[in-house]
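Good morning, and thank you for coming. I should like to take you through one protein model and the way its side chains pack.

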Amino acid sequence: MNKLPPEMMLNALKYLEESDLLSVMKTNRYMLDSCTDSSLWYRICKDKWRMWSVAPQQQDRDTMWFKMYRERMNQDEEAKRAMTLMRRKATRDAGKQILKKLGIQAMDCLQHKTKSGDLVDIYHGERVMADLQSEIDISKWNKLLHSSPSLIIAGAIMIATWADGSRSYDEVEATVNRIIDSLVSEFNSKYSEDTDDINKLKNLVNFLHQDKQFKGNDSAYYDVQNSFIDSVLERHLGIPISLSVIYQEVGRRIGIIMTLIGKPSEVILRFDPSFGPPLFIAAFSGLVMTQSECKERFEHNVPNMP
């Protein structure tokens, strides 16, 4: 075995489970070096833990993934000890402090405990998880305030992340960006760029509403999936606000800047062209309206409004 080329050895070792690798690495120095290769432990870490203070990226030789694995195992042990402390009233506060110090790194252990533990573990675990999740969300939003090119789409992604519970912000964001980038690419290939901004806006509305069939979900308006940005992008069905967010973000990426307007009957978009009066877009119906047409629509939808 010691004479196998490193690439062949790694190819064989990648089929071993976590416990097997830990056993094999005790054989000799050569196996220790082979079994602690970052590419092996990146996969294990990514599969074993969902929550990270910094999301794992594709294996990097500069990242000591076996070292990170051992650190996370130690943190899991701390989290388990904290859960034990929380079972007694006298040591409950000490247990909570340990979990809060671990932060997001404790979430995987807490989620496991609240699924497989007894009622005491479930009760206290869920309360601590709610506090930790709140701190994580606030921290994430503060970072987005300074880094996101569009806070509206970032907020929509956060809402979808909260609702799902099984995926991270980065995973939902990747899905949203993949679909929107595809829409932008298809639009740019279909429509000429040498057109004025009003025609470009009308082309965009026609593309999303007619070509791609992004429609208002009249038959199941109150379906919760109509509110989650990733689901709306995948199903092409939504409500005024979710469809408007998609119109706004696709428009932003092709140079058409629109503003969300919340009026009593529905959320619409306003577009201010280079020349001429503003135009208004009802994404739910795929309409481009003048100001007078928008007023008529509003009066029709909300009669007797003072």
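I shall speak about aromatic pairs, then one helix, then the nonpolar cores.

Please keep in mind throughout that this is a predicted model.

Let me begin with the aromatic rings. A search of the whole structure finds 9 aromatic pairs. One of them joins W41 and F66, with 4.9 Å from centre to centre and 55° between the planes, a tilted arrangement. W41 belongs to helix α4, residues 38-48, and F66 to helix α5, residues 65-85, so this pair links distant parts of the chain, 25 residues apart. Both W41 and F66 are buried.

A second pair involves Y42 and W65. Their ring centres are 5.4 Å apart and their planes stand at 75°, so this pair is edge-to-face. Because Y42 lies in helix α4 and W65 in helix α5, the pair ties together parts that are 23 residues apart in sequence. Y42 and W65 are both buried as well. In addition, ring pairs link W41, F66 and Y69 into a cluster.

I turn now to helix α10, which covers residues 169-190. At 1.5 Å a residue, its 22 residues should span 32 Å, and the end C-alpha atoms are indeed 32 Å apart, so expectation and model agree.

Which residues of α10 are buried? They are Y169, V172, T175, V176, I179, I180, L183, V184 and F187. These residues cover an arc of only 160° around the axis, which means that they sit on the same side of α10. The spacing has a general background: an α-helix has 3.6 residues a turn, so residues three or four places apart point the same way. On the other side of α10, R178 and S189 are exposed.

That brings me to the nonpolar cores. The largest has 40 residues, and those with the most contacts inside it are I229, L233 and M258. Elements giving two or more residues to this core include α9, α10, α11, α12 and α13, together with strands β4 and β5. Which element provides the largest share? It is α10, with 8 residues.

Consider I229 more closely. Leaving aside residues up to four places away in sequence, I229 touches I153, A156, I157, A160, V176, S242, V245 and I246. Of these, V176 is one of the buried residues of α10.

Apart from this largest core lies another, of 16 residues, among them C35, L40, Y42 and F66. Y42 and F66 bring us back to the aromatic pairs with which I began.

Conventions:
Residues numbered from 1 in each chain as written. Predicted model: local features only at pLDDT ≥ 70, side-chain atom pairs only at ≥ 80, totals over all residues. Heavy atoms only, no water. Phe/Tyr/Trp six-rings, centres within 6.5 Å; stacked < 30°, edge-to-face > 60°. Helix = DSSP H or I, 4+ residues; strand = E, 2+ residues; numbered from the N terminus. Buried < 20%, exposed > 50% of the residue type's maximum accessible area, 1.4 Å probe, protein only. Expected span 1.5 Å × (residues − 1). Arc of directions from axis to C-beta. Core = buried A, V, L, I, M, F, W, Y, C linked by side-chain atoms within 4.5 Å. Contact = heavy atoms within 4.5 Å.
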